[in-house]
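Student: Could you walk me through this one slowly? I would like to start with the overall picture and then look at some details.

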Amino acid sequence: MQASSDCFHAKQINNNFTKNLNKQFSEHIESCPDCLKKIKTIQQQKKAVLIHLDSYKATKEISPDLRRELREAVELAHPKKVKVVKKEMKSLGRKLSLMNKEMFFEILRPKNLAMLTFAIFFYLATSALVNK
Amino acid sequence: MKVKTLLDTLTDKYFQFANFLLEDELQAMQLVVDVTTALAIENRDCLVNIDKKPYQLQIYQKIYELAERRANQLGIGELGLAQKKYPLKDRAVFFLSEVGDFSQIEIGKSLNLSDVEVIQAIEVIRADILYKIQNKDSESFRSNSQYAS
């Protein structure tokens with residue numbers, strides 16, 4: 001797959017040629033068939049290598065399992081904030097409704113009813129005295 | 001970063017790296033899951049900034065380190081890699097250079113290798129892969145021409 005060439009620059013071109021390319025060299029490459037051929041060969045080789053490496057990607061059979069396990073791994077350490085907020089709100093709501101019920105039953109106690117009646121009479125009596 | 005994007009990247013790139021190192025899908029899967037769990041607990045920044053190069057290199061490094069330990073524990077290092085000819089480090093270097101698109105200096109620093117060792121690893125494995133591809137192509141060409149005749 002190696003391109004044989006007579007050009008001195010073509011022999012210098014390697015897999016990292018784009019990283020070390022200077023301006024003078026790039027002007028020469030554009031007009032030199034040997035260099036262009038060498039670059040084309042290197043590009044083809046790179047493409048072939050990448051295609052070969054693609055065979056190591058997750059297959060369709062393994063991909064769903066891998067995603068599921070990765071999701072669990074990510075969420076295990078850091079559960080979603082929304083879930084946490086929802087849970088907190090639920091428990092707060094439950095506490096509030098319990099408090100309401102307790103308050104209602106607390107008022108119905110005889111001792112509290114007597115206190116409430118006394119307070120109402122006291123208010124009525126004082127307001128009547130003030131308005132006289 | 002969205003969870004979906006994170007999972008896509010981990011499933012796509014990092015599994016490919018782990019699988020290239022160990023050449024065993026199940027081991028590679030376990031490796032990526034273990035590294036993700038460890039990062040989620042110890043170093044969440046890596047996962048949040050998975051699209052940034054320095055963090056990517058850290059994740060690759062973690063996968064490589066764990067792969068090396070697993071390979072030694074499971075005997076993959078002795079059995080598998082003897083057949084595969086090149087050490088785990090060289091495979092990591094090659095992948096990071098070709099797929100990860102990291103510079104030779106970055107790879108050398110993260111894996112504690114000299115420039116010469118990095119270049120050598122890349123060239124040796126590339127030549128071997130190209131040789132295999134060429135052989136495969138000529139074999140398939142031969143079998144096709146046999147069917148044709």
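**Two chains and their packing**

Tutor: Gladly, and please keep in mind that this is a predicted model. We can start with chain A, which exposes about 10900 Å², with carbon and sulfur atoms supplying 62% of that area.

Student: What about chain B, how much does chain B expose?
Tutor: Chain B exposes about 7900 Å², and carbon and sulfur atoms supply 51% of it.

Student: And how many helices and strands are in each chain?
Tutor: Chain A has six helices and zero strands, while chain B has eight helices and, again, zero strands.

Student: How much of each chain is buried?
Tutor: In chain A, 21% of the 132 residues count as buried, whereas in chain B buried residues make up 46% of the 149 residues.

Student: Which residues have the most contacts inside the largest nonpolar core?
Tutor: That core has 56 residues, and those with the most contacts inside it are B:F17, B:L21, B:I63, B:V93, B:F94, B:L96 and B:L111. Its largest share, 10 residues, comes from helix 1 of chain B, which covers residues 3-22.

Student: Take B:I63 then, what does it touch?
Tutor: Leaving aside residues up to four places away in sequence, B:I63 touches B:Y14, B:F17, B:A18, B:L21, B:L31 and B:V35.

Student: Which residues belong to the other core, the one that lies apart?
Tutor: The other core has nine residues, among them A:C7, A:A10, A:F25 and A:C32.

Student: Back to chain B, why is helix 6 largely enclosed?
Tutor: Helix 6 of chain B runs over residues 88-98, and nine of its 11 residues are buried, so the rest of the structure largely encloses it. The buried ones are B:L88, B:R91, B:A92, B:V93, B:F94, B:F95, B:L96, B:S97 and B:E98.

Student: There's an arginine in that list, so where does B:R91 lie?
Tutor: B:R91 lies over the face of B:F20, at 4.6 Å from the ring centre.

Student: New topic, how many aromatic pairs are there over all chains?
Tutor: The structure holds 10 aromatic pairs over all chains. In one of them, B:F17 and B:Y60, the ring centres are 4.9 Å apart and the planes stand at 80°, so this pair is edge-to-face.

Student: Where do those two sit along the chain?
Tutor: B:F17 lies in helix 1 of chain B and B:Y60 in helix 4 of chain B, residues 53-74, so the pair ties together parts that are 43 residues apart in sequence.

Student: Is B:F17 buried or exposed, and what about B:Y60?
Tutor: B:F17 is buried, with a relative accessible area of 1%, and B:Y60 is buried as well, with a relative accessible area of 1%; for comparison, the cut-off for buried is under 20%.

Student: Which residues form the aromatic cluster?
Tutor: One aromatic cluster is formed by A:Y56, B:Y14, B:F17, B:F20, B:Y60, B:F94, B:F95 and B:F102.

Student: A:Y56 is from chain A, so how many residues of chain A are in contact with chain B?
Tutor: There, 27 residues of chain A are in contact with 34 residues of chain B. The area buried between the two chains is about 3100 Å², of which carbon and sulfur atoms give 66%.

Student: Which residues in chain A lose the most area to chain B?
Tutor: They are A:Y56, A:R67 and A:L70, and together they account for 21% of what that side buries.

Terms used:
Residues numbered from 1 in each chain as written. Chains lettered and ligands numbered in written order. Predicted model: local features only at pLDDT ≥ 70, side-chain atom pairs only at ≥ 80, totals over all residues. Heavy atoms only, no water. Helix = DSSP H or I, 4+ residues; strand = E, 2+ residues; numbered from the N terminus. Buried < 20%, exposed > 50% of the residue type's maximum accessible area, 1.4 Å probe, protein only. Areas by Shrake-Rupley, 256 points an atom, 1.4 Å probe, with all protein chains shown as cover. Core = buried A, V, L, I, M, F, W, Y, C linked by side-chain atoms within 4.5 Å. Contact = heavy atoms within 4.5 Å. Phe/Tyr/Trp six-rings, centres within 6.5 Å; stacked < 30°, edge-to-face > 60°. Lys NZ or Arg CZ within 6 Å of the ring centre and 35° of its normal. Buried area = accessible area lost by both parts, 1.4 Å probe.
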